[in-house]
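Here is a short briefing on one protein chain. Keep the sequence and the model in view while reading.

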Amino acid sequence: MALTYNKVDIRGVAFKDVLGEVLFSNNTLEEGLVTFAEDIKANTIFTDTGHTVVLQQYSSGAPTPMGNIGITDSLITPKKFTAYDEFNMEDLRTGRFSRDMKPGAWNMTSTEFEAAVLNGVTPYVSLAAEQLFWNAATVATALAVAALTPDVGQTSVGVAEQTYVAAAPVGLSDGIITKLIYNNWGTPGVGARVKVAGTTITSSNIFTEYGKMYTSTPAVVLHNKVDKPFIYAPYSHLAMINQFNSANTYKSDVFVVDMVNQRYFFQGLEIKFVPVPENCMLIAAKKHLVWCTDLTDDLLYVEIMKKQNNADDMFYKFVFLQECHVRNQKFQTLYLG
């Protein structure tokens with residue numbers, strides 16, 4: 001069984017709380033940081049358009065066609081994931097969880113264990129799903145990116161991109177950042193995103209590096225009043241931003257921080273902290289980043305029961321569908337150092 005229980009046999013009382021590890025919550029789901037497309041099981045087509053319009057002098061005769069109508073279809077089929085493990089309540093019989101087991105040798109069910117411990121598995125599943133959504137790379141993509149000759153060109157894969165994909169967690173599908181690095185828009189390894197060459201970010205240079213990314217972002221994205229973009233940044237930047245502001249108290253060029261609501265801004269763009277690696281940032285509109293699933297509530301539903309009727313072994317199980325999609329990649333700005 002995969003139940004590790006470093007127990008102390010009950011001799012007196014047990015403190016009421018069962019304290020779990022301190023974890024970041026799944027901000028992507030809880031704060032709705034991306035677009036969620038539900039009821040997607042297989043072969044859903046996402047269509048993006050990009051047009052070129054050319055104005056020409058009027059002629060009373062037949063005009064000359066100019067411009068281009070661009071349409072791109074992407075076929076999305078979410079992958080099916082499961083989180084599964086087994087345990088045996090007999091292992092709990094002499095520890096604190098025996099207190100709420102009913103009398104009788106047959107009764108080994110602890111509601112405290114199920115409520116306090118097994119339900120505590122849910123945040124881990126949710127966080128693992130969030131990690132894969134942002135960072136995963138399939139084995140095939142990792143091999144393909146590693147085989148490329150790195151280049152500094154705007155649409156090509158460089159050393160920083162190769163380093164990122166090589167360190168990415170292995171997934172059944174590519175995550176958001178991997179898709180921005182290596183997405184087949186006609187030519188493998190050629191991405192349409194805006195590429196910003198970064199460096200190691202510290203509390204001293206963080207304002208400069210954010211500015212580098214900001215000025216590289218297309219104006220049509222920055223000045224969109226309907227779909228205001230976010231800056232997606234790693235959790236470590238929260239502390240760095242606070243340190244930078246403390247060291248530059250009397251300067252005007254600092255990050256704006258709403259300490260009451262714990263909201264951070266750079267040049268009017270709100271910063272959202274997500275589980276991307278160090279020295280990785282992204283400027284994108286929420287509607288362009290899509291979490292494709294059957295039902296987001298699946299990440300919160302756990303099944304707990306006996307493995308079979310003639311044994312006392314038990315299991316927990318989560319089942320959910322997940323895939324990510326980046327729409328109109330040319331409007332996304334990816335910073336990698």
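**Briefing: strands, helices and selected residues**

E303 stands opposite K317 in β13. The model is predicted. E303 and K317 serve as the entry point to a chain with nine helices and 14 strands.

**Hairpin**

- Strand β12 covers residues 303-306, and strand β13 covers residues 313-326.
- The two run antiparallel and are joined by four bridges.
- Together β12 and β13 make a hairpin, with six residues between them.

**Whole chain**

- The protein chain has 337 residues, of which 42% count as buried.
- Take the contacts in the chain with a separation of 6 or more: residues 24 or more positions apart account for 77% of them.

**Seven-stranded sheet**

- Seven strands form an open sheet with mixed pairing.
- Their order is β5-β14-β10-β6-β9-β8-β7.
- Which strands stand at the edges? They are β5 (194-197) and β7 (256-258).
- Each edge strand has a single partner strand, so one side of each is left without a neighbour in the sheet.
- From one strand to the next, the twist averages 25°.
- In general, strands of a sheet pair through backbone hydrogen bonds, either parallel or antiparallel.
- β7 and strand β8 (residues 263-266) run antiparallel, joined by three bridges.
- D258 stands opposite R263 in β8.

**Helix across the sheet**

- Helix α7 (residues 206-216) lies across six strands that include β5, β6 (230-233) and β8.
- Also crossed by α7 are β9 (269-273), β10 (280-284) and β14 (333-336).
- α7 runs at about 40° to β10.
- E209 has its place in helix α7.
- Is E209 buried or exposed? Its relative accessibility is 5%, so E209 counts as buried, the cut-off being under 20%.
- Leaving aside residues up to four places away in sequence, E209 touches G198, T199, I201, M281 and Y335.

**Helix pair α4 and α5**

- Helix α4 spans residues 139-146, and helix α5 spans residues 159-167.
- Their axes come within 9 Å and cross at roughly 150°.
- That crossing angle makes α4 roughly antiparallel to α5, because angles over 145 degrees fall in that class.
- The crossing of α4 past α5 is left-handed.
- Which residues of α4 meet α5? They are T141, A142, V145 and A146.
- On the α5 side, the residues met are E161, Q162 and V165.
- The residues of this contact between α4 and α5 divide into four nonpolar, two polar and one charged.

**Q131 in helix α3**

- Q131 sits in helix α3, which covers residues 121-135.
- Its relative accessible area is 31%, so Q131 is partly exposed; that class lies between the 20% and 50% cut-offs.
- How far apart are Q131 and N26 in space, C-alpha to C-alpha? The two are 9.1 Å apart, although 105 residues separate them in sequence.
- With residues up to four places away in sequence not counted, Q131 touches A136, P169 and P275.

**Two glutamates and a glutamine in brief**

- E209 in α7 is buried, and its contacts include M281 and Y335.
- Q131 in α3 is partly exposed, and its contacts include P169 and P275.
- E303 is opposite K317.

Terms used. Residues are numbered from 1 along each chain as its sequence is written. This is a predicted model: local features need pLDDT of at least 70, side-chain atom pairs count only at pLDDT 80 or more; totals for chains, interfaces and linings use all residues. Side-chain values use heavy atoms; hydrogens and water are left out. Axes are lines fitted to C-alpha atoms, for helices over the stretch in contact, and angles run from 0 to 180 degrees between N-to-C directions. Angles under 35 degrees count as roughly parallel, over 145 as roughly antiparallel, 65 to 115 as roughly perpendicular and the rest as oblique. A crossing is left-handed if the near helix is turned anticlockwise from the far one by less than a right angle, and right-handed if clockwise. Contact means heavy atoms within 4.5 Å. Ala, Val, Leu, Ile, Met, Phe, Trp, Tyr, Cys and Pro count as nonpolar, Asp, Glu, Lys and Arg as charged, and the others, Gly among them, as polar. Two strands pair if DSSP finds at least two bridges between them. Buried means under 20% relative accessible area, exposed over 50%, partly exposed in between (1.4 Å probe, protein chains only).
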